[in-house]
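Dear colleague,

I am handing over the structure we spoke about, and below it you will find an account of what turned up when I went through it. Please read the account with the structure open beside you.

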Amino acid sequence: MKWRVVLFALLVSHLIIQFGEYLISYESKSGKGSGKTPASKPKVKTTPKEAQTYLTQVVNKGRFQKVGDTLTVQAGDTLELRCKGNPVQWAVPAYLEEDDEGRLRTVQHERYGTLILANATAADTGEFTCYPMYCEDKDCRKQYDKGVKVFIFFSDPQELFVPSVDYYKVIQLRTNWPTVLPCQVTSPQAKVTLHREFPPLEVKVDGLEISFDVKKGFTIHRPKQYHAGSLHCVASLGNLRQSSTTYMLIYVNYPAAPPFPAIQTSFDTVAVGKNLQVTCTVIGEQDVVVDFTWEYPGQKIGRPLYTQDSVQTVQVDGQNRHRTQIILLVDEVREVDQGTYTCTAQNLEGSRSASTTVKVQSARTTTKPKKP
């Protein structure tokens with residue numbers, strides 16, 4: 001029995017020792033009982049997000065307000081904008097870029113750039129942009145994708161339209177190319193309509209064929225022949241009503257692509273003394289002017305250029321097309337006329353060329369030997 005008692009005592013003693021070690025380990029990990037702060041887990045380093053560039057307007061000293069897409073400032077006031085970043089660069093309306101009165105100045109501070117425009121006028125209306133710069137040593141470039149823009153209206157009770165030195169302006173209407181009539185107003189509250197002068201009537205603006213944007217003016221999205229003519233804009237605000245510059249719209253049937261010339265000759269091989277014709281043909285859209293130029297072997301000795309041209313309407317795949325053709329005439333061919341003939345056709349969209357080669361048989365080759 002004694003050995004059993006001893007064995008039991010040893011077992012209990014071992015369990016007590018293990019439990020004590022467990023308590024010591026727990027307290028050291030949790031910080032309890034030792035007065036020590038538990039060791040914190042190592043922090044994972046994160047790359048801080050790049051601060052977003054934004055614009056604020058200095059309203060009064062110590063007062064700022066964040067700027068949205070548009071801003072209205074009274075003509076005669078001073079505009080002060082701040083743009084976060086070092087350095088930054090500003091873009092302003094073209095009128096202000098040419099300003100030599102010292103009204104506009106920019107200052108770069110440690111953390112932001114400032115634009116100050118004193119004694120603002122209605123003509124200053126337009127888009128102002130702040131570009132943060134990316135610099136490596138002394139080499140800096142604009143970060144265009146991070147630029148912040150605001151369109152500022154400089155409201156003038158006497159000027160509803162941004163002043164212009166032009167009494168009328170000629171604008172080309174290009175086929176399938178949006179055309180803008182830039183009658184910009186100085187106040188976003190002004191009501192603007194579009195008018196034709198002859199005959200005098202208001203043009204319908206449905207938002208599809210023609211739309212209006214207070215920042216741009218009227219846009220003709222797909223110009224047609226009937227859009228051509230003399231037009232102007234009329235703005236109304238309160239008791240004030242004013243007309244804009246007159247826009248002379250000229251319709252041009254603009255081609256969809258450069259011309260595709262095809263070239264052929266009356267003879268691939270021609271005898272000396274014979275006449276040669278080289279024809280260049282373009283099948284294209286109606287009312288699209290095509291110009292031709294030639295390169296030919298005889299140019300090297302100053303051989304004059306004689307051509308005949310014609311334009312005909314033809315049916316291609318059920319549609320009317322113009323066939324423009326030009327013929328290069330080479331009279332009494334000589335050996336110098338042998339070589340490459342190149343025709344280049346050009347329209348408003350671009351140019352393409354086509355070439356062919358002509359061989360000339362000399363008099364010695366073409367003369368038949370006499371019979372004995």
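Contact here means that heavy atoms lie within 4.5 Å. With that in mind, of the contacts in the protein that have a separation of 6 or more, 64% are accounted for by residues 24 or more positions apart. Please keep in mind throughout that this is a predicted model.

As for the protein overall, there are three helices and 27 strands, and buried residues make up 35% of its 372 residues. The accessible surface comes to about 25,000 Å², and 51% of that surface belongs to carbon and sulfur atoms.

Two of the sheets deserve a description. One is an open sheet of five strands, paired antiparallel in the order S2-S1-S4-S7-S6. Strand S2 (63–66) and strand S6 (104–108) stand at its edges, and because each has a single partner strand, one side of each is left without a neighbour in the sheet. Neighbouring strands of this sheet are turned against each other by 25° on average, direction ignored. At one end of that order, S6 is joined to strand S7 (residues 112–117) by five bridges, the two running antiparallel, and a hairpin of three residues leads from S6 to S7. Within this pairing, Arg105 has Ile116 in S7 as its bridge partner, while Leu104 stands opposite Leu117 in S7.

The other is an open sheet of four strands, again with antiparallel pairing, in the order S20-S22-S25-S24. Its edge strands, each of which pairs on one side only, are strand S20 (262–265) and strand S24 (306–316), and the average turn between neighbouring strands of this sheet, direction ignored, is 20°. Inside the sheet, nine bridges join strand S22 (residues 276–284) to strand S25 (residues 319–330), which run antiparallel, and in S25 the bridge partner of Gly284 is His322.

Turning to the aromatic rings, the count comes to four aromatic pairs. In one of them, the rings of Phe128 and Phe154 have their centres 6.2 Å apart and their planes at 65°, which is over the 60 degrees required, so the pair is edge-to-face. Phe128 lies in strand S8 (residues 126–136) and Phe154 in strand S10 (residues 148–155), so this pair ties together parts that are 26 residues apart in sequence. Phe128 is buried, with a relative accessible area of 0%, and Phe154 is likewise buried, with a relative accessible area of 0%. In another pair, the ring centres of Phe212 and Phe218 are 4.7 Å apart and the planes stand at 45°, so the pair is tilted. Phe212 is partly exposed, with a relative accessible area of 32%, whereas Phe218 counts as buried at 2% relative accessibility.

One residue I would ask you to look at by itself is His227, which lies in the loop between strand S16 (217–220) and strand S17 (229–237). Is His227 buried or exposed? With a relative accessible area of 5%, which is under the 20% limit, His227 counts as buried. The side chains of His227 and Glu209 are joined by a polar contact of 2.6 Å, and a polar atom of the His227 side chain lies 2.9 Å from the backbone nitrogen of Lys224. Leaving aside residues up to four places away in sequence, His227 touches Leu173, Arg196, Glu209, Ile220, Arg222 and Leu249.

With best wishes

Notes: Residues are numbered from 1 along each chain as its sequence is written. This is a predicted model: local features need pLDDT of at least 70, side-chain atom pairs count only at pLDDT 80 or more; totals for chains, interfaces and linings use all residues. Side-chain values use heavy atoms; hydrogens and water are left out. Two strands pair if DSSP finds at least two bridges between them. Axes are lines fitted to C-alpha atoms, for helices over the stretch in contact, and angles run from 0 to 180 degrees between N-to-C directions. Buried means under 20% relative accessible area, exposed over 50%, partly exposed in between (1.4 Å probe, protein chains only). A polar contact is a pair of N or O atoms within 3.5 Å; within protein, one must be able to donate a hydrogen and the other to accept it, and residues adjacent in sequence count only if both atoms are side-chain atoms. Accessible areas come from the Shrake-Rupley method with a 1.4 Å probe; for residues, only the protein chains shown count as cover. Rings of Phe, Tyr and Trp (its six-membered ring) pair if their centres lie within 6.5 Å; planes under 30 degrees apart count as stacked, over 60 as edge-to-face and the rest as tilted.
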